[in-house]
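User: I'd like a close look at one part of this protein. Could you pick a helix and walk me through how its residues sit against everything around them?

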Amino acid sequence: MKAADASSERLGMAAFAITVAFELVDGAFPEFYQRVSENASQSVAVEPGCLRFDVLTPVEAGASPQVFLYEIYRDRAAFDFHLASDHYRSFDLKTRDLVSKKTVWAYSVTENAKISAV
């Protein structure tokens, strides 16, 4: 089986992605980054349907305090499972006061990735 075929099979036809853009209140970045990183690690470790959870931050020094998430789930049900998880609910509760704006977008996934053969 080719790498692209294996990748498509892994994600399946109903893969579901979420992006979340957080604008943070002044001074909140260190605490928020720690908590969002823990949430991402837990999501990948304990949620079978969480296929990817990336935490992105601006490269430019002095950029406004933002964090962008890119998450891929096996399907919408796997994302709903994530939203009901204890680690997500704890993260959401503990970071609400650190966020000035949150924008969420949902996507269907067509993956085009290089997968290295090991």
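Analyst:

**Helix α4 and its surroundings**

Leaving out neighbours up to four places away in sequence, T95 is in contact with F32 and R35. That's a handy way into helix α4, where T95 lies. Bear in mind that this is a predicted model.

Let's stay with T95 for a moment. Its relative accessible area is just 2%, and the cut-off for buried is under 20%, so T95 counts as buried. The side chain of T95 also reaches the backbone oxygen of F91, at 2.7 Å. Then there's V36: T95 and V36 are 59 residues apart in sequence, yet their C-alpha atoms are 8.6 Å apart in space. Both F32, which T95 touches, and V36 fall within α2 (29-46).

Now slide back along the helix to H87, which is also found in α4. Is H87 buried or exposed? H87 has a relative accessibility of 17%, which is under the 20% limit, so it counts as buried. Its side chain makes a polar contact with the side chain of E47, at 2.7 Å. Setting aside residues up to four places away in sequence, H87 touches N39, Q42, S43, V46, E47 and H82. N39, Q42, S43 and V46 sit in the 29-46 stretch of α2, while H82 belongs to α3 (76-84).

So what do these helices help to build? The largest nonpolar core has 20 residues, and the ones with the most contacts inside it are F22, L24, F32 and L69. Helix α4 (86-95) is among the elements that give two or more residues to this core, together with β1 (16-24), α2, β2 (50-56), β3 (66-73) and α3. The largest share, five residues, comes from β1.

F22 is worth a stop of its own. Apart from neighbours within four places in sequence, F22 is in contact with F32, P65, Q66, V67, L69, F91, V99, K101 and K102. Two of those names have come up already: F32 is a contact of T95, and F91 supplies the backbone oxygen that the T95 side chain reaches.

On the strand side, there's an open four-stranded sheet in the order β2-β3-β1-β4, with antiparallel pairing. The edges are β2 and β4 (99-108), each of which pairs on one side only. From one strand to the next, the twist averages 15 degrees. β1 and β3 pair in the antiparallel sense over eight bridges, and E23 stands opposite Q66 in β3.

As for the other helices, α2 lies across β1, β2, β3 and β4, and runs at about 165 degrees to β2. Helix α3 lies across β1, β2 and β3, at about 130 degrees to β3.

Zooming out, the protein has four helices and four strands, which follow the pattern α-β-α-β-β-α-α-β along the sequence. Of its 118 residues, 31% count as buried. Among contacts with a separation of 6 or more, 72% are between residues 24 or more positions apart. The accessible surface comes to about 7,700 Å², and 55% of that belongs to carbon and sulfur atoms.

Note on methods. Residues are numbered from 1 along each chain as its sequence is written. This is a predicted model: local features need pLDDT of at least 70, side-chain atom pairs count only at pLDDT 80 or more; totals for chains, interfaces and linings use all residues. Side-chain values use heavy atoms; hydrogens and water are left out. A nonpolar core is a set of buried Ala, Val, Leu, Ile, Met, Phe, Trp, Tyr and Cys residues joined through side-chain atoms within 4.5 Å. Buried means under 20% relative accessible area, exposed over 50%, partly exposed in between (1.4 Å probe, protein chains only). Contact means heavy atoms within 4.5 Å. A polar contact is a pair of N or O atoms within 3.5 Å; within protein, one must be able to donate a hydrogen and the other to accept it, and residues adjacent in sequence count only if both atoms are side-chain atoms. Two strands pair if DSSP finds at least two bridges between them. Axes are lines fitted to C-alpha atoms, for helices over the stretch in contact, and angles run from 0 to 180 degrees between N-to-C directions. Accessible areas come from the Shrake-Rupley method with a 1.4 Å probe; for residues, only the protein chains shown count as cover.
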